[in-house]
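Here's a short set of exercises to work through with the model open in your viewer. Try each task before you read its solution.

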Amino acid sequence: QAHLVESGGGVVQSGGSLRLSCVGSAPDFNFDVMGWYRQTPGKQRELVATMTSGGYANYADSVTGRFTISRASANNTVWLQMNSLKPEDSAVYFCNAKGRYTWSFSPYNFWGQGTRVTVSA
C-alpha cells in the first residue's frame with residue numbers, strides 16, 4: 001500500500017495563490033504518474049493535473065494557465081502551484097499515484113486523504 005500525504009490546503013481570497021504538496025512512500029513501487037484531482041459535494045472527482053515520471057504534464061482545461069504541476073521523482077513528491085484562484089476552485093484536492101511494484105505487472109492506483117481548498121469571493 002502506497003502512502004500519500006498531502007499538505008498545503010486552506011482558505012484564500014479570490015485571485016490568491018496556494019501551493020499543495022504530496023509526498024508518496026511505498027517500498028518497491030514505481031510512481032509512474034502522480035497528480036491531483038478534486039471533488040465537491042455531489043460531484044464526481046475530476047482531474048486537475050498529472051505529471052509522468054518523465055515530466056509530461058496534463059491539465060484540465062479549467063486550470064490551464066493558472067495551475068502548475070511539478071514533481072521530484074527522486075523522492076516521489078508532487079506539487080501543485082495554484083494561482084489566480086477562483087471560488088469555483090473550492091474543493092477537496094486529492095493526491096493520486098499510479099504505477100507498478102517492481103515485482104508485478106499489475107497497475108496500482110492510490111489516493112491521499114485529501115486537503116480542502118476554499119476560495120472566498
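**Exercise 1. Work out the strand order of the four-stranded open sheet, and find which strands sit at its edges.**

*Solution.* Keep in mind that you're looking at a predicted model.

- Step 1: Start with E1 and E3, which run antiparallel and are joined by five bridges. To check the register, look at Val 5, whose bridge partner in E3 is Val 23.
- Step 2: Move on from E3 to E8; this pair is antiparallel too, with six bridges. Here Cys 22 stands opposite Val 78 in E8.
- Step 3: From E8, go to E7, again an antiparallel pairing over six bridges. Ile 69 faces Leu 80 of E8 across this pairing.
- Step 4: Put the pairs together and you get an open sheet in the order E1-E3-E8-E7, with antiparallel pairing. The edges are E1 (3-7) and E7, since each of them pairs on one side only. Going from one strand to the next, the twist averages 15°.

**Exercise 2. Thr 77 is in strand E8: decide whether Thr 77 is buried or exposed, and list what Thr 77 touches.**

*Solution.*

- Step 1: The relative accessible area of Thr 77 is 6%. The cut-off for buried is under 20%, so Thr 77 counts as buried.
- Step 2: Leave out residues up to four places away in sequence, and Thr 77 touches Cys 22, Val 23, Met 34, Ser 70, Arg 71 and Ala 72.

**Exercise 3. Find the hairpin that E9 and E10 form, and say how many residues lie between the two strands.**

*Solution.*

- Step 1: E9 and E10 (residues 107-111) run antiparallel, joined by five bridges. One pair to look for is Gly 99 with its bridge partner in E10, Tyr 108.
- Step 2: Count the residues between the strands of this hairpin: there are five.

**Exercise 4. Trace the salt bridges, and see which residues they join into one network.**

*Solution.* A quick reminder before you start: side chains of opposite charge can pair when their charged atoms come close. The cut-off is a Lys or Arg side-chain nitrogen within 4 Å of an Asp or Glu carboxyl oxygen.

- Step 1: Apply that rule, and three salt bridges turn up.
- Step 2: Take Glu 46 and Arg 38, whose side chains meet at 2.7 Å, N to O. Glu 46 is partly exposed, at 37% relative accessibility, whereas Arg 38 is buried at 6%.
- Step 3: Arg 38 also forms a salt bridge with Asp 89, with the closest N and O atoms 3.0 Å apart. Asp 89 lies in the loop between E8 (77-82) and E9 (91-101) and Arg 38 in E4 (residues 29-39), so this pair ties together parts that are 51 residues apart in sequence. Asp 89 itself is buried, at 1% relative accessibility.
- Step 4: Asp 89 pairs with Arg 66 as well, at 2.7 Å between the closest N and O atoms. Arg 66 is in the loop between E6 (57-59) and E7 (67-72), 23 residues from Asp 89. Both Asp 89 and Arg 66 are buried.
- Step 5: Follow the shared partners, and Arg 38, Glu 46, Arg 66 and Asp 89 come together in one network.

**Exercise 5. Which residues have the most contacts inside the largest nonpolar core, and which element gives the largest share of this core?**

*Solution.*

- Step 1: The largest nonpolar core has 30 residues, and Trp 36, Leu 80, Met 82 and Tyr 93 have the most contacts inside it.
- Step 2: Now look at the elements that give two or more residues to this core: E3 (18-25), E4, E5 (46-52), E7, E8, E9 and E11 (115-120). The largest share, five residues, comes from E9.
- Step 3: Zoom in on Tyr 93. Its contacts beyond four places in sequence include Trp 36, Leu 80 and Met 82. Tyr 93 also touches Arg 38, which you met in the salt-bridge network.

**Exercise 6. Check the protein chain's radius of gyration against that of a compact globule.**

*Solution.*

- Step 1: Count the elements: zero helices and 11 strands.
- Step 2: For 121 residues, a compact globule would have a radius of gyration near 14 Å; the chain has 14 Å, so the two agree.
- Step 3: For burial, 43% of the 121 residues count as buried.

How values were computed
Residues numbered from 1 in each chain as written. Predicted model: local features only at pLDDT ≥ 70, side-chain atom pairs only at ≥ 80, totals over all residues. Heavy atoms only, no water. Buried < 20%, exposed > 50% of the residue type's maximum accessible area, 1.4 Å probe, protein only. Core = buried A, V, L, I, M, F, W, Y, C linked by side-chain atoms within 4.5 Å. Contact = heavy atoms within 4.5 Å. Pairing = 2+ DSSP bridges. Axes fitted to C-alpha atoms, helices over the stretch in contact; angles between N-to-C directions. Rg over C-alpha atoms; globule rule 2.2 N^0.38 Å.
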